[in-house]
Structure formats: structure tokens, C-alpha cells
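Here are some notes on the model, set out as numbered points. They start with the overall make-up and then go through the parts that deserve a look.

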Amino acid sequence: MVIMKVFTAEHRKHQLESIRTPEYRKKMSGIVKTRCQDAEYCKRMGEAIKIGLNKPEVVNRRSKSLKKYYSNPTNRKRMSDICKQVEHTTEWNNNVSESLKGRIFTEEHRRNIGKTHCGEKNYGWLGGVSFLPYSHKFTKHLKESVKARDDYHCRICGTEDKLYVHHIDYDKLNTAPINLISLCLSCHMKTNFNRNCWKEYLFYKNLNSNRMII
Ligand SMILES: [Zn+2]
């Protein structure tokens with residue numbers, strides 16, 4: 001026989017108050033810090049959390065509570081301000097990507113992500129430059145020449161898989177060889193974030209290359 005313990009509202013309130021005290025938080029923080037030094041424990045917890053988060057009922061519950069949270073404009077503004085303060089370094093992006101690996105998104109969730117990332121809401125919108133046409137000089141021949149100059153390798157990771165010719169300054173009309181570089185699909189996607197850093201890094205790469213003439 002399963003006995004369900006029913007907590008009264010007063011009991012729950014008392015419990016909440018007891019965990020909100022600074023002493024309790026300090027004590028818990030100490031315990032968590034000690035545990036987190038144990039790599040084996042962290043790995044085990046990471047796996048357990050991943051399994052727990054992927055349970056359909058948990059996904060549903062989280063989705064509902066997030067919907068409720070973000071329907072409040074004050075909450076949306078607060079999260080937006082926090083996100084603006086976060087420096088999206090390559091390491092940060094990689095960590096996010098790692099933590100999202102294996103997560104199951106429902107069909108509805110995927111559709112909603114699509115809606116919130118389209119058009120002007122997209123981080124790569126930048127006034128709609130992606131809809132601007134490429135220069136007529138950006139021909140198949142020019143792209144092939146750039147790839148040949150780069151030895152048919154991605155200039156960031158070195159792979160030979162599916163190469164694209166990237167405009168380093170993000171200006172589709174600038175077809176000067178120094179502004180063009182071969183990148184694989186994965187690295188090309190990465191250049192959508194931290195644009196200024198990539199611009200500097202890739203220009204520097206081309207400037208120091210002894211194969212600039214095409
Ligand atoms: Zn690459």
C-alpha cells in the first residue's frame with residue numbers, strides 16, 4: 001500500500017522559509033561545493049539529470065512553466081537583460097551546445113523556436129543583410145578559386161568536408177580575395193556569433209597567408 005503524504009499549505013510555507021535563510025543557503029552551498037569536487041559524482045549526477053530532464057512529463061511541465069514565466073513582460077525583460085550581459089565566447093557556445101546534446105524537443109517546441117528566431121528576431125538579422133543579393137562578381141569560378149587557394153580545406157578546423165566561401169566582413173558585395181575564405185558548414189555557422197572576433201581572426205589569417213593571389 002502506498003501512503004501519500006499530504007503537506008498542508010502552512011507546512012510548505014514553513015519549509016520554503018527555512019530554505020531561504022542565509023545560514024541554510026551557506027550550509028547547502030558548502031555541501032554542494034564539496035560534492036562537486038568529486039568528478040565521479042558530477043558525472044553520475046550529470047547523467048541522472050539528463051535522463052530526468054528528457055522524461056516527457058518533465059519536458060511538458062518545464063515547457064508549461066516556461067510559457068507562464070515568459071508570458072510576463074517583466075520576466076522577459078529581465079531574462080533579456082541577463083542574456084545581453086553574458087559574453088558569448090566560443091567556450092560558452094560549446095558548453096551550451098554540449099549541455100543541449102541528447103535533449104529531446106517536442107514538435108511544438110521546435111515550431112515555437114522557429115517562430116521566435118525568424119526574421120527580425122534572429123540574432124543574424126542585422127537589418128536584413130542576409131536577404132541582400134550577392135555581388136555579380138561572386139561567381140562559381142571565384143568561389144572555386146578561393147577554395148583552391150585554401151587547398152580545399154576549412155581555414156578554421158582544416159576539414160575537407162563541404163566547403164563554403166565566407167565573406168569575412170559579412171559584406172556580400174566585397175569580393176576582394178582577402179575578404180573571402182573557405183570554411184566548412186560547422187565553422188561557417190560559428191561565424192554567425194561573435195562576428196567582430198571572427199572578422200578580426202579571419203582577416204589576420206588571410207593577411208598572414210602567403211597564398212593571397214588567386
Ligand atoms: Zn571547419
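1. Helices and strands here are DSSP runs, with at least four residues of H or I for a helix and at least two of E for a strand, numbered from the N terminus. On that basis the protein chain has ten helices and two strands. The model is a predicted one. Read from the N terminus, the order of elements is α-α-α-α-α-α-α-α-β-β-α-α.

2. Burial is low over the chain as a whole: of its 214 residues, 8% count as buried. A residue needs 20 or more other C-beta atoms within 10 Å of its own to be called buried, and 12 or fewer to be called exposed. As for contacts in the protein chain between residues at least 6 apart in sequence, 60% of them join residues at least 24 apart.

3. Helix α2 covers residues 22-36, and none of its 15 residues is buried. How far apart are the end C-alpha atoms of α2? They are 21 Å apart, and this agrees with the expected span of 21 Å because a helix of 15 residues is taken at 1.5 Å a residue.

4. Helix α6, residues 90-100, is likewise hardly covered, with a count of zero buried residues among its eleven. Just after α6 comes G102, whose phi is positive at about 85°.

5. N60 belongs to helix α4, which spans residues 56-70. Is N60 buried or exposed? N60 has 12 other C-beta atoms within 10 Å, so it counts as exposed. In sequence N60 is 49 residues from H109, and the C-alpha atoms of the two lie 9.8 Å apart in space.

6. The two strands pair with each other. β1 and β2 run antiparallel and are joined by five bridges. Within this pairing, V165 stands opposite S182 of β2.

7. How many of the five residues of β2 are buried? Five of the five are, so by the cut-off of 20 C-beta atoms the strand is mostly covered. The burial extends to both faces of β2: L180, S182 and C184 are buried on one side, and I181 and L183 are buried on the other.

8. The largest nonpolar core holds twelve residues, namely V146, C154, I156, L163, I168, L180, I181, L183, C184, C187, W198 and L202. Two elements give two or more residues to this core: β2 (180-184) and α10 (195-207). Of the elements, β2 gives the most, with four residues. In soluble globular proteins, nonpolar side chains tend to be buried together.

9. I181 is one of the core residues. What does I181 touch beyond residues up to four places away in sequence? The list is D150, R155, H166, I168, L202, K205 and N206. Among these, I168 and L202 are also members of the core.

10. Two residues in the loop between α8 and β1 should be checked for backbone geometry. D151 is in that loop, which runs from α8 (140-149) to β1 (163-167), and its phi is near 60°, a positive value in a residue other than glycine. D151 counts as exposed because it has 11 C-beta neighbours inside 10 Å.

11. Y152 is found in the loop between α8 and β1 as well. Its phi is positive at about 55°, although Y152 is not a glycine. With 12 other C-beta atoms within 10 Å, Y152 is exposed.

Methods: Residues numbered from 1 in each chain as written. Predicted model: local features only at pLDDT ≥ 70, side-chain atom pairs only at ≥ 80, totals over all residues. Expected span 1.5 Å × (residues − 1). Core = buried A, V, L, I, M, F, W, Y, C linked by C-beta atoms within 7 Å. Contact = placed C-beta atoms within 7 Å. Pairing = 2+ DSSP bridges.
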